[in-house]
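Please open the model in your viewer, colour it by secondary structure, and keep the sequence panel beside it. The stops below each begin with something to select.

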Amino acid sequence: DIQELKAVFPSYAKRYELPLEEMAKLNIPFLNLGPLGKDAHQYSERIDMEYSFNHALSYFIRIIDLIGEEA
């Protein structure tokens with residue numbers, strides 16, 4: 001949802017713009033592996049270090065391996 005996405009972008013429309021509506025029309029599949037914790041993507045963000053440094057890292061490595069296999 002574009003409105004929800006705008007809500008979690010710090011300073012969106014105040015310091016920068018992105019063509020979100022045009023990007024949505026491209027219909028490109030994606031995977032978002034981001035932070036887990038309190039206030040993700042906000043100035044007060046607190047991350048779950050166990051997830052971020054152990055679990056998420058292995059997810060990123062696996063995704064890179066899968067993309068490399070398809071290339």
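At its relative accessibility, does Asn27 count as buried or exposed? Select Asn27 to begin, and bear in mind throughout that this is a predicted model. Asn27 counts as exposed, because its relative accessibility is 67%, and exposed here requires a value over 50%. The residue sits in the loop between α2 and β1 (37–38), and its phi is positive, about 55°, although Asn27 is not a glycine.

**The whole chain**

Now select the whole chain and show it as a cartoon. You should find 3 helices and 2 strands, which follow one another along the sequence in the pattern α-α-β-β-α. If you turn the model along its principal axes, the C-alpha atoms fill a box of roughly 35 × 30 × 20 Å. The radius of gyration is 15 Å, whereas a compact globule of 71 residues would have a value near 11 Å. Buried residues make up 8% of the 71 residues in the chain, and of the contacts with a separation of 6 or more, 21% are between residues 24 or more positions apart. With the surface switched on, the chain exposes about 6300 Å², and carbon and sulfur atoms supply 60% of that area.

**Helix α1 and Lys6**

Next, select Lys6, which lies in helix α1, and display its side chain. Lys6 counts as partly exposed because its relative accessible area is 25%, a value between the limits of 20% for buried and 50% for exposed. Leaving aside residues up to four places away in sequence, Lys6 touches Tyr12, Leu20 and Glu21, so it is worth showing those three side chains together with it. If you then draw a distance from Lys6 to Asp39, which is 33 residues away along the chain, the C-alpha atoms are separated by 14 Å.

**The loop between α1 and α2**

Move on to Ala13, which is found in the loop between α1 and α2. Like the opening stop, Ala13 deserves a look at its backbone, as it has a positive phi of about 75° although it is not a glycine. Ala13 counts as partly exposed, because its relative accessibility is 49%.

Lys14 is in the loop between α1 (2–8) and α2 (20–25) as well, and it counts as exposed because its relative accessibility is 75%. A distance drawn from Lys14 to Ala24 spans 21 Å from C-alpha to C-alpha, for two residues that are 10 apart in sequence.

**Helix α3**

Finally, select residues 49–70, which form helix α3. This helix has 22 residues and reaches 31 Å from its first C-alpha to its last, close to the 32 Å expected at 1.5 Å a residue. Where along α3 is the kink centred? Look along the helix axis to Ala56, where α3 has a kink of about 35°.

Which residues of α3 are buried? Tyr51, Ser52 and Ala56 are buried in this helix, and strand β2 (46–47) is included in what covers the buried residues of α3. When you compare side chains along a helix, recall that an α-helix has 3.6 residues a turn, so residues three or four places apart point the same way.

For the last view, zoom in on the start of α3 and show Asp48 and Glu50 as sticks. There, a side-chain oxygen of Asp48 reaches to within 3.1 Å of the backbone nitrogen of Glu50.

Key: Residues numbered from 1 in each chain as written. Predicted model: local features only at pLDDT ≥ 70, side-chain atom pairs only at ≥ 80, totals over all residues. Heavy atoms only, no water. Helix = DSSP H or I, 4+ residues; strand = E, 2+ residues; numbered from the N terminus. Expected span 1.5 Å × (residues − 1). Bend = angle between axes of the 7 residues up to and from the residue. Buried < 20%, exposed > 50% of the residue type's maximum accessible area, 1.4 Å probe, protein only. Contact = heavy atoms within 4.5 Å. Polar contact = N/O pair within 3.5 Å; in protein donor to acceptor, adjacent residues only side chain to side chain. Rg over C-alpha atoms; globule rule 2.2 N^0.38 Å. Areas by Shrake-Rupley, 256 points an atom, 1.4 Å probe, with all protein chains shown as cover.
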